[in-house]
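Let us read a structure together. Look first, then work through the questions.

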Amino acid sequence: MTAKQFLARQDFKSLLQALKAEAYSIIAPQVRDNAIVYEKIENISQLPRGILDIQAPGSYKLENEESERWFAWANGPQALKPLLFSPEEVLWSAELQDNKLAFKECAPDDKSVAVIGVRACDLAALDLQDKHFLQKEYSDAHYQKRRENILLIAVNCSHPADTCFCVSTGDGPFVSAGYDIVLTELEEGFLINPGSDKGSNICDQLPLCEATDQQTQQSFQQLENAINRQQRKLPNANLAKLLPDQLEHKQWDDIALRCLSCGNCTAVCPSCFCHSELDEQTLDGLSTQHIRQWDSCFNLDHSYIHGITIRAESKTRYRQWLTHKFAYWVEQYGRSGCVGCGRCITWCPVGIDVVQELKTIAGEANE
Amino acid sequence: MNNAYLPHEVEVVDRIQETSTIFTLRLRFTDPEIQTAYQFKPGQFNMVYLFGVGEVAISIVSDPRDDNLLDHTIRAVGRVTRGLAKLKIGDRLGIRGPYGRGWPLTEAEGKDVILVTGGLGCAPVVSVIRYVTRRRELFDRLVIMQGVKHSEDLIWGEQYAKWQKLPNTQVLLAASEQKKAGWPWYSGHVTNLMDKVIFNPHNAIAMMCGPEPMMHAAIEPLTRQGMSEQDMWLSMERNMHCAVGHCGHCQYGEKFICKHGPVFPYSEIKTLFAVKGF
C-alpha cells in the first residue's frame, strides 16, 4: 500500500476547484429542511459544518457541535440512488399524426457529476443497482449513461448513527471498493487516496503532503470507534434459508398492525429498484411522454393484474419486501439486498425496526 | 443507443370479435425491416402499447411459421385493454418484444402433449396447438383440454371441433357454470376430467395456462398418474411494466416472471405456487 496523502482542511477548496476545472457538476451533502441532502454545491461554505445526526426508529434530528468537521454524521434520507436511477424521467415520447405513430427515444443526461461524501453503504448499494440495471441482456441506457459519467468521492464514516448496521452486513463503515477517491476526515484535514485513474488525475492537482504516522494512527482509531459504535446487528441465522420457510410466521400479522404501507422504507432504501411506467399526454392529445417513476411494493397497484390484487394487505406487502430484500435477493444477485444503512428504520413513520423484526422471525429476539 | 423500452409502430390489419369481451388484433409492423427480423416462440409475449394510455403484456397467439401477422387475443378488462378493444383496422399502436421463455416445444418432441387451459388461458396455448397440429409427426398424442365458465365464453369452438377429428388427438371441453341445455361437452370443472385423459405419464409434457387454482387442481391428478414436476409447465401471469426484469412488479420469490418465465416447469415454482400473496 502506498503512503497515505494528506489534504489540509484549508486546502479542501482545491478539490472543488479541480473538479470544476474538469467540468464536473459537484453534488455534496448540505443541510436542507433539517436533514442532510445531496445537492449541487458551488463552494465549501455550503457543507454541513459541525453537524451531527441523531437517528432512531422513526426519528431523525440534526444537532450542532463546536467542530470544523463537515462529515461528522452518518447519512440522510437519500444519497446516490436518485442521481443514477431517477425518481422520475421520460423514457421515450410518441406522436400521433395522420393516424400514424412515431416513437422517439429520449436521450439520457450526458453531464459529468462528481459526488462528494459517498458512504460505504451507498457504494455497496450502488453495486447492487449496477447488477440490476446493467444486466447483459437488457442494460438500462439511462442508468448506464449516468453511471459512466459519475465520479465517486467517498468519505469514510466516522460517526455511524444508532440505526446503522453496516458492520453486520459487511458493507462498512470503511470504504473498500468502487470509489474514485476516498477521504478520511480528521480534525485538521483529510487522508486522501485515489481508487481509479480518474481519481488519480484529480488528486494530482491537489496540494497534498505525506500523511504523518500520527494522522494514520488517528484514522485507525476513528475507524475502530465507528465499528464499536454500531450496536445493531442482524440475526445470526442464514436469512436466505430461514425466511422462505417462515412465510406463515405470526410476526407478519403483528407487523401489519403497525405498518402503514406508506412506502417510506422503499423510497429511502438505496437498493430498492421497483418502478412503474406511465403515459402523460399533452392536452391536444397528439403527443405523449412515457415516464418511469419510482414505485413501491407497498403500493396497492404494485401487484394489480386484470381485476386482481395479489397483495391486498399490508401483511403480504411487508412480507414481499422483507423476504425479497433478505432472502430472494441472494439468489437474484448473489448477496442480500440490505447494506445496513438503517434508513428504513429511521424514516419509518411508526419506527418499525427491520433488524428487530428479523430477530423475532429468526427466534433470536432475546439475544 | 439501444433503448430496451422503446416500442415499434404496428398497424391493425384485422380485428376479430371472439366473444362480447374478447377480441383478436392481427398486427403487422409498419417498418418492413422490423417485420422481417421479428421472430418469436410460442409462449412468449409482447408489450402492446396504446397511444397515450400505456402498455400491457399480451401473449402471441400466432404460429411463428404463419403469414407474418402477429395475433394477440385480448380480454377487455383493464384501462389499456378496454382502449385496445376500440381499435379499428388501420389504426396504429406500438409493440416491443418478444419477451420471456417460450413453451418447451423441443423437449416435447416424441412425447404426448397435454394442454390444460382455462378461460382466456387458451390464448397463449393455442399457438402450441397450431404448432403441434402442423408438425404432427414430431409429437405423440395430443390432448387439448379447455375449461370456461359458460358455454358462450368458449372461443375458437369450431377449431376445437376440427382438432377433435385429428388422429391420435383428444379434445375435452368443460363449462363450470353451465346452466343452459345444449352444451355437448362436460358441465363442471375441466380439471375433473383429468382421469379421462389417455396418455403415457412417463413420456408426456403438460402445458397449462389459466387461473392458478385451475392449474393447481390439474397438477394433483397428473402427479398421481405419475407425471414428474419437471414435465408439467405452467404459464404464470403477474403485473408487468418493463418486461425486461427491471421494474420489479412481476417478482415471484427470486424469479422475474417476465424474463425467467412466463412459462415454468412446476418444479421451479412449486414452493410459492399455493402461497397467497406472492
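**One helix and one aromatic pair**

Me: Which residues of α7(A) are exposed on the face turned away from its buried side?
Reply: This is a predicted model, where local features need pLDDT (the predictor's confidence in each residue, from 0 to 100) of at least 70, side-chain atom pairs count only at pLDDT 80 or more, and totals for chains, interfaces and linings use all residues. Residues are numbered from 1 along each chain as its sequence is written, chains are lettered from A and ligands numbered from 1 in the order in which they are written, and side-chain values use heavy atoms, without hydrogens and water. Exposed means over 50% relative accessible area, buried under 20%, partly exposed in between (1.4 Å probe, protein chains only). On the face away from the buried side, the exposed residues are A:D213, A:Q214 and A:Q217.

Me: Within what arc do the buried residues of α7(A) fall?
Reply: The buried residues are A:Q215, A:T216, A:S219, A:Q222 and A:A226. They line one face of the helix, because seen down its axis they fall within an arc (of the directions from the helix axis to the C-beta atoms) of 120°.

Me: What is the angle between the planes of A:Y38 and A:W73?
Reply: Rings of Phe, Tyr and Trp (its six-membered ring) pair if their centres lie within 6.5 Å; planes under 30 degrees apart count as stacked, over 60 as edge-to-face and the rest as tilted. A:Y38 and A:W73 are both buried. Their pair is edge-to-face, 6.5 Å centre to centre, and the angle between the planes is 80°.

Technical notes: Helix = DSSP H or I, 4+ residues; strand = E, 2+ residues; numbered from the N terminus.
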